[in-house]
Amino acid sequence: MLYGKKRLQLNESERIAMRRAGKFNGQLMDFARTQVRAGVRTSDIDRLIVQFTRDHGHLPACLGYQGFPKGCCISVNDIVCHGIPGAYVLQEGDIVNIDVTTVVDRWLGDQSETFFVGQVSPVARQLTQCAFDALYLAIDALAPDCRVSEIGKAVVARAQRDRFSVVREYVGHGIGRRFHQEPSIPHYPSRQASIDRLLPGMCFTIEPMINEGTRDTVLDRCDGWTVRTRDGKLTAQFEHTILMKEEGPEILTLTEHGPQKGHQFT
Ligand code: MF3
Ligand code: CO
Ligand code: CO
């Protein structure tokens, strides 16, 4: 399919390049996972993530992206997404999402994971479980040529089961040699998503943000990036980069060390 004039269906060598980018990004997440604990500054985690990326000869895609000042996004508790790593020190009971994106030989991998800092509250665990299940239920709903809206249907149904809400202002996206491209991947059903289809060779992210309370968000007016829940309640997110193939979806950013389908956080 052509979206605008862009060719979104990758050939075999382009798929191999995306697989490499996803694999490295997954290894970077494996590294990030080992850095999360109480007492650590989020800017220190960011510095180590940038270092690990450069040590392997790759580039952090977030750094300088539309003026973003750091190498990854770190979003704690009520921060929905695009948290800027800084002076904040992780505390026991926090839930923290780390979102890493890497450029590997001009192709991109993008993923995020929500971590627990020590013991967290029952609702924090339930919310994190819901966001994780929503991602995998959406992946399970994928088939070659399916409508993008299958993703939103699966995510909303899972969130409703726990009476949580689904963020609308921020969505998944096509990905490849560009960070964000068509198609848009909303995590709720929309008119455009029931027109757009996921064809073999297309790469995209699924990255549901699930809120404990209202789905509404507010953008920090001072830094222009940090997105918070309007009611200050918790939010959780997981993200993977997916390649649709003739046989079905392949998760490009999954490694054997990360939480697998069916993982229980509770
Ligand atoms: N990684 C985010 C996503 O999943 C985008 C971050 S853009 C940044 O699309 F500039 F905030 F880093
Ligand atoms: Co993304
Ligand atoms: Co991301």
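In this predicted model, the cobalt ion (ligand 3) takes its protein donors from D99 (OD), D99 (OD), D110 (OD) and E239 (OE), at 2.1 to 2.4 Å from the metal. The sequence spacing of these donor residues is D-x10-D-x128-E. Around the cobalt ion (ligand 3), the six donor atoms subtend angles of 58 to 167°, and the arrangement is therefore irregular. An octahedral assignment would require opposite donors over 155 degrees apart and all other angles between 65 and 115.

D110 has a further role in the geometry of the site: this residue bridges the cobalt ion (ligand 3) and the cobalt ion (ligand 2), and the two ions are 3.3 Å apart. The site also connects separate parts of the chain. D99 belongs to strand β6 (residues 95–104), whereas E239 sits in the loop between β17 (235–237) and β18 (240–245), so this pair ties together parts that are 140 residues apart in sequence. D99 is buried, its relative accessible area being 11%; E239 is likewise buried, with a value of 0%.

Attention may now turn to a sheet. Strands pair in a sheet through backbone hydrogen bonds, in either a parallel or an antiparallel manner. Here, three strands make up an open sheet with the order β5-β16-β15 and antiparallel pairing. The edges are occupied by β5 (79–81) and β15 (217–219); each has a single partner strand, so one side of each is left without a neighbour in the sheet. From one strand to the next, the twist averages 40°. Strand β16 (residues 227–229) is joined to β15 by three bridges, and the two run antiparallel. Within this pairing, L219 has V227 in β16 as its bridge partner.

Notes: Residues are numbered from 1 along each chain as its sequence is written. Chains are lettered from A and ligands numbered from 1 in the order in which they are written. This is a predicted model: local features need pLDDT of at least 70, side-chain atom pairs count only at pLDDT 80 or more; totals for chains, interfaces and linings use all residues. Side-chain values use heavy atoms; hydrogens and water are left out. Donors are N, O and S atoms within 2.8 Å of the metal (3.2 Å for Na, K and Ca); water is not among the atoms, so sites may look incomplete. Four donors count as tetrahedral if all angles lie between 85 and 135 degrees; four count as square planar and six as octahedral if opposite donors are over 155 degrees apart and all others between 65 and 115; anything else is irregular. Helices (H or I, at least four residues) and strands (E, at least two) are DSSP runs, numbered from the N terminus. Buried means under 20% relative accessible area, exposed over 50%, partly exposed in between (1.4 Å probe, protein chains only). Two strands pair if DSSP finds at least two bridges between them. Axes are lines fitted to C-alpha atoms, for helices over the stretch in contact, and angles run from 0 to 180 degrees between N-to-C directions.
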